[in-house]
Amino acid sequence: MKSIVLREIKSFFGSPIGYLVIALFLILNGLFLWVFEGDYNILNSGFADMSPFFTLSPWILIFLIPAVTMRSFSDEKKQGTLELLLTKPLSLWQIVNGKFLGAFTLIFIAIIPTFIYVFAISNLGLPQGNMDMGSTIGAYFGLLFLIAGYAAIGIFTSTLSENQIVAFLIAVFLSFFFYFGFDGLSNLTPSFSNLISGFGMQEHFKSMSRGVIDTRDILYFSSITIAFLSFTVYKLKSVQL
């Protein structure tokens, strides 16, 4: 599996994709948080916290992560190398996990530079250091689980078509639905709003953003990730047959 992970990371940074994804994530966040006027501008919010970043990031990642994962298996299909990959002395789970961890690692690298925001906001606070680090750390953990969920969805959709654009669009739709869709549906049925919103990523991500690491939220994101990776393995098994 390690060889698959390293191969994926090398492929990302052996082409403009890896650098472009990291640059876009940092530039878009930087512009909305520090330059553009609006609800996400930290300097105009009046509060020394990272909540604008954690509100904005899921939106950006909905498009960036599918852009990273869309080629995972669709490219293998298009080039006719999928069958060769499946003949390697690796189980399907090892292949899928290798692809998944490669994509997750790339996005994780993109997240690391945002720690500078924490340092800057902490120093801008009055008094200096007046920042809720508990909720910030919890939100970062939540963001990692969210990235894992998005990446698993993207890996799965890349098995559905050899066309990368199709895989990208399906991944964006599913990621959007799982993050915002259930929250929207809950507004249509007030009697079951809490139950329905509980199926969505947004509710669990917001919970972790408060600094409370609840096992229910961890189990939810873990279940979503494992479920879509399982779908991927099942889809690859049908290719083998």
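Begin by selecting helices α2 and α8, whose crossing is right-handed (the near helix is turned clockwise from the far one by less than a right angle; anticlockwise would be left-handed). The model is predicted: local features need pLDDT of at least 70, side-chain atom pairs count only at pLDDT 80 or more, and totals for chains, interfaces and linings use all residues. Residues are numbered from 1 along each chain as its sequence is written, and side-chain values use heavy atoms, with hydrogens and water left out.

**α2 and α8**

Two packed helices are described by the angle between their axes and the distance between the axes. The axes of α2 and α8 (residues 115-124) come within 13 Å and cross at roughly 15 degrees; axes are lines fitted to C-alpha atoms, for helices over the stretch in contact, and angles run from 0 to 180 degrees between N-to-C directions. That angle makes α2 roughly parallel to α8 (under 35 degrees; over 145 counts as roughly antiparallel, 65 to 115 as roughly perpendicular and the rest as oblique). Display Leu26, Asn29, Gly30, Leu33 and Trp34 of α2, which make the contact with Tyr117, Ala120, Ile121 and Leu124 of α8 (heavy atoms within 4.5 Å). Helices here are DSSP runs of H or I with at least four residues, numbered from the N terminus.

**α1**

Next, select α1, residues 2-13. At 1.5 Å a residue, its twelve residues should span 16 Å, and the end C-alpha atoms are 17 Å apart, which agrees; the expected span is 1.5 Å times one less than the number of residues. Ile4, Val5, Glu8 and Phe12 are buried in α1 (under 20% relative accessible area; exposed is over 50%, partly exposed in between, with a 1.4 Å probe and protein chains only). Viewed down the axis of α1, the buried residues fall within an arc of 100 degrees, so they line one face of the helix; the arc is that of the directions from the helix axis to the C-beta atoms. The face turned away from this buried side carries the exposed residues Lys2 and Lys10. Add α2, α4, α6 and α7 to the view, as they are among what covers the buried residues of α1.

**α4 and α10**

Keep α4 and add α10 (residues 164-188): their axes come within 8 Å and cross at roughly 150 degrees. This makes α4 roughly antiparallel to α10, and the crossing is right-handed. Among the residues that meet here are Trp59 and Phe63 in α4, and Phe168 and Phe176 in α10.

**Serine 135**

Finally, select serine 135, in helix α9 (residues 133-157). Is serine 135 buried or exposed? Serine 135 is buried, with a relative accessible area of 16%. Leaving aside neighbours within four places in sequence, serine 135 is in contact with Met208, Ser209, Arg210 and Gly211.

Definitions and conventions. Helix = DSSP H or I, 4+ residues; strand = E, 2+ residues; numbered from the N terminus.
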